[in-house]
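Here's a quick briefing to read alongside the model. Have the sequence and the 3D view open as you go.

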Amino acid sequence: MTVSVWQDRSGRQHLECDVVVVGAGVVGSYLALRLSKNGLRVVVLEARFPAAGATGRNAGMALAGLGEYYHMAIARYGRKTARAAWERSLQNGRRTRELHEELRLPYDACGSLLLALDEAEAGQVWAAHELMKEDGLPVILHASDPLDRGFAAALEQPQDIGINPVAFTEGMLAASDAKLLQNCEVYALEPENDGVCVRSRLATVHAAHAMLATNAYSPLLHPSFSGHVLPTRAQVLLGAPSPPVLDTLCYANYGYEYFRQMSDGRILMGGWRKHFADVEIGYADETTEGVQKGLEGFLRERFPETSPEVEMRWSGVMAFTPDGLPLVGTLDGLPRVGYAVGFNGHGLGLGIATADELIDTMLHGAPPGLFSAGRETLKRLGTNSPALTH
Ligand SMILES: Cc1cc2nc3c(=O)[nH]c(=O)nc-3n(C[C@H](O)[C@H](O)[C@H](O)COP(=O)(O)OP(=O)(O)OC[C@H]3O[C@@H](n4cnc5c(N)ncnc54)[C@H](O)[C@@H]3O)c2cc1C
């Protein structure tokens, strides 16, 4: 990222604080809340406005787990890591509920269903269920379709909740004692004495630590994220109000499609990215006919009685990582700059717990945690760039 001499107003205002947080999505806002409540002076620098990124554009589904069935996660990461990641997401869910209650925000305690599209996926549902039960993870198996919509089987996760992610983010920021500067893009991070100097559009901030909560935008801020944080587009549509057909959050087709009915009867549906994986990448904020038609077709086929009218369509940018787990660490050469990024489409399920890991390792001397960027799975993939350290 560069800035021109004409645009640079970073010298107009100099601020000092303990921690400067970059990005005011759900992760940055949670960091601001926890750190400021711990008595630290916190400044939040946000390029646009709170929840301007993926946080303000998602489906509001706070689900336990990762982006794949449990036994598949075990095959990929090993049982210990998969189980720890699941437990981390359950902890994230409990904290999300607590925060909603503390902030007096409504949420939908409706649980979720992971729906198998066909018999082959039903086999995965059964396999996942068996190992989740063995590991004491909360799950209920439905051997047939609990919705009676032509799905082959389902896993129910009763503790999952639906939220309004913008209200949650704004609520955390409002409850924090952090100073927020909006419309204030950060463009340089420099070491300074025992801390860091962060230059942004409206201010230069001198802090003991900086924490990046910039998710998909991280490679635009610092080159060491290139190849580690992959911007990936997701699209959504919102139907006109329909009679009640759904009282739970739904994932289908290995999580590629997801949908929920809001309290006003409108159905929010996202996904269909799998069919256009080669083009649904990058930062362009646009919807495309192919994906949108796919989403509409899915709804028509499974819920033919709902309104065919579409009220809204939008897109957002998620951050994928090479091994599917978030990244926590500090920048090489900038040990006072940490990051909690790369949520692989599950930031509501893992963002808070990942932010906690960043705080614990960076400020409280905890050893590298589950999502450390120095982890073995990344090393095996050969993507452990020397620029991203734990
Ligand atoms: C369509 C869609 C549906 C989704 N559905 C779900 C779901 O149902 N459940 C779920 O768990 N997850 C879902 N996700 C993923 C989820 O939204 C993200 O994982 C989560 O919001 C990431 O939060 P974040 O705070 O890390 O990043 P973001 O919300 O992207 O926030 C990053 C912030 O950093 C700011 N920023 C970036 N660069 C700079 C800079 N240089 N200076 C200052 N500020 C900067 C941005 O403006 C932005 O506000 C979905 C995503 C999309 C796009």
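What follows covers the sheet, the helix packed on it and the ligand site.

Keep in mind that this is a predicted model. Two things to look at are an open sheet of 8 strands and a ligand with 39 residues around it.

**The sheet**
- Going across the sheet, the strand order is S5-S6-S4-S13-S14-S15-S12-S16, and the pairing is mixed.
- Strand S5 (140-142) and strand S16 (310-320) sit at the edges, so to speak, each pairing on one side only.
- From one strand to the next, the twist averages 20°.
- Strands S13 (residues 249-252) and S14 (residues 257-261) run antiparallel and are joined by 3 bridges.
- Tyr251 has Tyr258 in S14 as its bridge partner.

**The helix on the sheet**
- Helix H7 (residues 289-302) packs on the sheet and touches S12 (230-239), S13, S14, S15 (267-270) and S16.
- The direction of H7 makes about 45° with that of S12.

**The ligand site**
- Glu46, Thr55, Met61, Val186 and Leu348 come nearest to the ligand.
- Oxygen atoms of the ligand take part in two of the polar pairs: one is 3.2 Å from a polar backbone atom of Val26, and one is 2.9 Å from a polar side-chain atom of Asn58.
- A nitrogen atom of the ligand lies 3.2 Å from a backbone N or O atom of Ala59.
- On its own the ligand has 1,000 Å² of accessible area, and the protein covers 98% of that.
- Helix H1 (26-37), S12, S16 and helix H8 (347-363) are the elements that each give two or more residues to the shell.
- The shell breaks down into 22 nonpolar, 13 polar and 4 charged residues.

Key: Residues are numbered from 1 along each chain as its sequence is written. This is a predicted model: local features need pLDDT of at least 70, side-chain atom pairs count only at pLDDT 80 or more; totals for chains, interfaces and linings use all residues. Side-chain values use heavy atoms; hydrogens and water are left out. Two strands pair if DSSP finds at least two bridges between them. Helices (H or I, at least four residues) and strands (E, at least two) are DSSP runs, numbered from the N terminus. Axes are lines fitted to C-alpha atoms, for helices over the stretch in contact, and angles run from 0 to 180 degrees between N-to-C directions. Contact means heavy atoms within 4.5 Å. A residue is near a molecule or strand if one of its heavy atoms lies within 4 Å of it. A polar contact is a pair of N or O atoms within 3.5 Å; within protein, one must be able to donate a hydrogen and the other to accept it, and residues adjacent in sequence count only if both atoms are side-chain atoms. Accessible areas come from the Shrake-Rupley method with a 1.4 Å probe; for residues, only the protein chains shown count as cover. Ala, Val, Leu, Ile, Met, Phe, Trp, Tyr, Cys and Pro count as nonpolar, Asp, Glu, Lys and Arg as charged, and the others, Gly among them, as polar.
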